[in-house]
Amino acid sequence: EDMTVFVNEHTARSDMTDALIGQPVSGYDPDSDIISYALISGNEGFAFRIDRITGQLSVQTAQALDYEHRSSWLLVVEGTDSGEGNLTSTCAIKIVLRDVNEKPITEFAAYVEIAENSAVDDNIGLPLKATDVDSGFFGNLRYSIIGGNDFDYFRVDEKTGQLLVHVNKLDYEVQSYFQLTVRVTDSEGAD
């Protein structure tokens, strides 16, 4: 019998290799012959495997459950009896992946110089760079300064990641070094 199974996607935090998918495929043979199971279609890259005796489907590669790569699979399972002529029957298993929110990856410069006479809203270096493998709502990033900005000398554009001068009070003789901590979060708050 055809079935649909809903599964959370694989993430860096959740290795799903060898994870069981749904309930085992079950078949019935009126002659009481032993049924063996095989994946005959839809298993690109050998992403899944099926136990030929129990009919239990499992994950073979981590990429099998990567929502950003592929959001669903349609596998065809064939059951073959052990009787004379090896009669067969097939069923389809649709695997629908649920998108799991994954944290953004940051690629910030470790060191940036700025002139002490910089004007308000002058850019400081290039925009901070972060990426998120998630698509759509989960992939919208926001930047914020969460440390090292005690006197609000700086600000960050929350959408572009561009650091900017916020006040016209930078004085090298008073303070020549700032260490800022910038947080990047996506729309669901993963950081």
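Mentor: On a 1 Å grid over the protein atoms alone, a pocket is an open set of points where a 1.4 Å probe fits, with protein on both sides within 12 Å along at least five of seven lines; its lining residues have an atom within 4 Å of a point. Our model is predicted: local features need pLDDT of at least 70 and side-chain atom pairs 80 or more, while totals for chains, interfaces and linings use all residues. Numbering runs from 1 along each chain as its sequence is written, and side-chain values use heavy atoms, leaving out hydrogens and water.

Trainee: OK, what volume does the largest pocket have?

Mentor: Volume here is the space filled by probe spheres set on grid points joined across faces, edges and corners. For the largest pocket, that comes to about 650 Å³.

Trainee: Which residues lie closest to its centre?

Mentor: The lining of the largest pocket has 23 residues. Closest to the centre are Y111, V112, E113, F178 and Q179.

Trainee: And the second largest pocket: which strand gives the largest share of its lining?

Mentor: This pocket has about 260 Å³, and G27, Y28, I35, G79 and S89 lie nearest its centre among 19 lining residues. Strands (DSSP E runs of at least two residues, numbered from the N terminus) that give two or more residues are strand 3 (35-41), strand 6 (72-81) and strand 7 (88-98). With 5 residues, the largest share comes from strand 6.

Trainee: On to the rings. How are F151 and Y153 arranged?

Mentor: Phe, Tyr and Trp (six-membered) rings pair if their centres lie within 6.5 Å; planes under 30 degrees apart are stacked, over 60 edge-to-face, the rest tilted. The whole structure holds 5 such aromatic pairs. For F151 and Y153, the centres are 5.9 Å apart and the planes make 35°, which means the pair is tilted.

Trainee: Is Y153 buried or exposed?

Mentor: Buried is under 20% relative accessible area, exposed over 50%, partly exposed in between (1.4 Å probe, protein chains only). Its partner F151, at 59%, is exposed. Y153 has just 15%, so Y153 is buried.

Trainee: How far apart in sequence are the parts tied together by F154 and F178?

Mentor: Those two rings form an edge-to-face pair, 4.9 Å centre to centre with 80° between the planes. F154 lies in strand 12 (154-156), while F178 sits in the loop between strand 13 (163-165) and strand 14 (181-186), so the separation is 24 residues.

Trainee: Which of the two, F154 at 5% or F178 at 25%, is buried?

Mentor: F178, at 25% relative accessibility, is partly exposed. At 5%, the buried one is F154.

Trainee: Which residues do the ring pairs link into a cluster?

Mentor: We've met the F151 and Y153 pair and the F154 and F178 pair. Ring pairs link these into a cluster of F151, Y153, F154 and F178.

Notes:
Helices (H or I, at least four residues) and strands (E, at least two) are DSSP runs, numbered from the N terminus.
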